[in-house]
Amino acid sequence: MEKKIRVTLPKKVANLLENDSKEYFIKMGKLLNYIYENFYKKTISRENQKLKSDTKILQFTLNKRNKENYYNFLEENGIQNEAKFFRELFIDYSLKVKKEREYFLYDEIIKKIEIAINKKKIIKIIFFDDNTVEVEPYFIGSSNLELGNYLFSYNILEKKWKNYKIKYIKNIFLKNCNFETRNQNYINEIKENYDPFLSFGKEIKIKLSSEGEKIFKSLEINRPRIIKKDKNIYILEASEEKAKRYFSYFLNEVEILEPLELRKWFKERFILSLKNYQDD
């Protein structure tokens, strides 16, 4: 017989769980079962979380493995109110920053990566879109504001340093071959100045309007580090990939001065955008 769990949660907690289910490619029932099976071992909150009027109901069915020991678990931990226990459990999970939740959900993947790093094993990565790469893994880094985790590695086929988002990795296989560390000094510098876009040592030069400066101050995610500023001219630490991602929001409030290839890229994008409005 199925064991259904029905729990009333603060709406923001329920929404966070639903968003994590979508973002990390895990069905909601599987996600909630995984949290119950693994997270309660780390923490069982005894706080009396008061519910406000803005709530949402989640319902799921315990999987076979969780159902087998469920009632023994309730008895051993003195849990008499199931709904209250699950509410506190899911609230505890939601209080973790995104980086920590991702670590928890990708625990098996991360453990394989850590073994490969320690043993200096080449790994084969299979992504959710079924693409594959073979890399030398060096460390797992986190983006600014702890929005995600990345594997810093050396792509063997492309012969270049690359970062890969952990959340896109479906599986990891350790190859039966070792690698020699390529450039320990460079790896240490990247680790100490970590940026998912590998911006360390790379510079761009831009000119900002007064409105552009306001946007720059307010837009924190992926914001490049200021190396030098002279009035409204900035020299920033940023790879071209990071600059494309960050300054695409600025439209005409930024002018890319250097490097010339990046300036050309923005110019071509604005010309293409202009064509969309020429019939008006």
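This is a chat between a student and an author about a predicted model.

Reader: Hi! Can we start with the sheet: which strands are in it, and in what order?

Author: Sure. Five strands make an open sheet, and the order is β6-β5-β4-β3-β7, with antiparallel pairing.

Reader: Okay, and which strands stand at the edges?

Author: Those are β6 (160-165) and β7. Each has a single partner strand, so one side of each has no neighbour in the sheet.

Reader: By how many degrees are neighbouring strands turned against each other?

Author: On average by 45 degrees, if you ignore direction.

Reader: Can we zoom in on one pair? How many bridges are there between β3 and β7?

Author: Six bridges, and the two strands pair in the antiparallel sense. As an example to find in the structure, I126 stands opposite N171 in β7.

Reader: Got it. Which strands does α7 touch when it packs on the sheet?

Author: It touches β3, β4, β5 and β7. The direction of α7 makes about 20 degrees with that of β7.

Reader: And what does helix α8 lie across?

Author: Helix α8, residues 184-192, lies across β4, β5 and β6. It runs at about 55 degrees to β4.

Reader: Back to α7. What span should its 13 residues have?

Author: Helix α7 covers residues 107-119, and at 1.5 Å a residue it should span 18 Å. Its end C-alpha atoms are 18 Å apart, so that agrees.

Reader: Nice. Which residues of α7 are buried?

Author: I109, I110, I113 and A116 are buried in α7. They cover an arc of only 120 degrees around the axis, which means they sit on the same side of α7.

Reader: So what's on the other side of α7?

Author: There you find E108, N118 and K119, which are exposed.

Reader: What covers the buried ones?

Author: The cover for the buried residues of α7 includes α6 (98-105) and the strands β3 (121-127), β4 (132-142), β5 (149-155) and β7 (169-178).

Reader: And what follows α7?

Author: K120 does, and its phi is positive, near 55 degrees.

Reader: New topic: salt bridges. How many does the structure hold?

Author: It holds 17 salt bridges. One of them joins K3 and E82, with the closest N and O atoms 3.2 Å apart. K3 lies in the segment before β1 (4-10) and E82 lies in helix α5 (residues 82-94), so this pair ties together parts that are 79 residues apart in sequence.

Reader: Is K3 buried or exposed?

Author: K3 counts as buried, at 15% relative accessibility. E82 is partly exposed, with a relative accessible area of 26%.

Reader: Which residue does E37 form a salt bridge with?

Author: E37 pairs with R65, and the closest N and O atoms are 2.6 Å apart. E37 lies in helix α2 (residues 28-39) and R65 in helix α3 (residues 64-68), so the pair ties together parts that are 28 residues apart in sequence.

Reader: Are those two buried or exposed?

Author: One of each. E37 counts as buried at 18% relative accessibility, while R65 counts as exposed at 52%.

Reader: Which partner does R263 have?

Author: R263 forms a salt bridge with E255, the closest N and O atoms being 2.9 Å apart. R263 is partly exposed at 35% relative accessible area, and E255 is partly exposed at 31%.

Reader: And which residues are joined into one network?

Author: E23, K98 and K167 are joined by salt bridges that share partners.

Reader: Last bit: where does K207 lie?

Author: K207 lies in strand β8, residues 203-208. It is partly exposed, with a relative accessible area of 37%.

Reader: What does K207 touch, leaving out residues up to four places away in sequence?

Author: N232, I233, E253, V254, E255 and L257. K207 and E255 are 48 residues apart in sequence, and their C-alpha atoms are 5.0 Å apart in space.

Reader: Which residue of β10 stands opposite K207?

Author: That's I233. Strands β8 and β10 (residues 233-237) pair in the antiparallel sense over five bridges.

Reader: How does β9 pair with β10?

Author: Strand β9, residues 225-230, pairs with β10 in the antiparallel sense over five bridges. R225 has E237 in β10 as its bridge partner. The hairpin of β9 and β10 has two residues between the strands, and K231 takes a positive phi near 60 degrees there.

Methods:
Residues numbered from 1 in each chain as written. Predicted model: local features only at pLDDT ≥ 70, side-chain atom pairs only at ≥ 80, totals over all residues. Heavy atoms only, no water. Helix = DSSP H or I, 4+ residues; strand = E, 2+ residues; numbered from the N terminus. Buried < 20%, exposed > 50% of the residue type's maximum accessible area, 1.4 Å probe, protein only. Contact = heavy atoms within 4.5 Å. Expected span 1.5 Å × (residues − 1). Arc of directions from axis to C-beta. Pairing = 2+ DSSP bridges. Salt bridge = Lys/Arg side-chain N within 4 Å of Asp/Glu carboxyl O. Axes fitted to C-alpha atoms, helices over the stretch in contact; angles between N-to-C directions.
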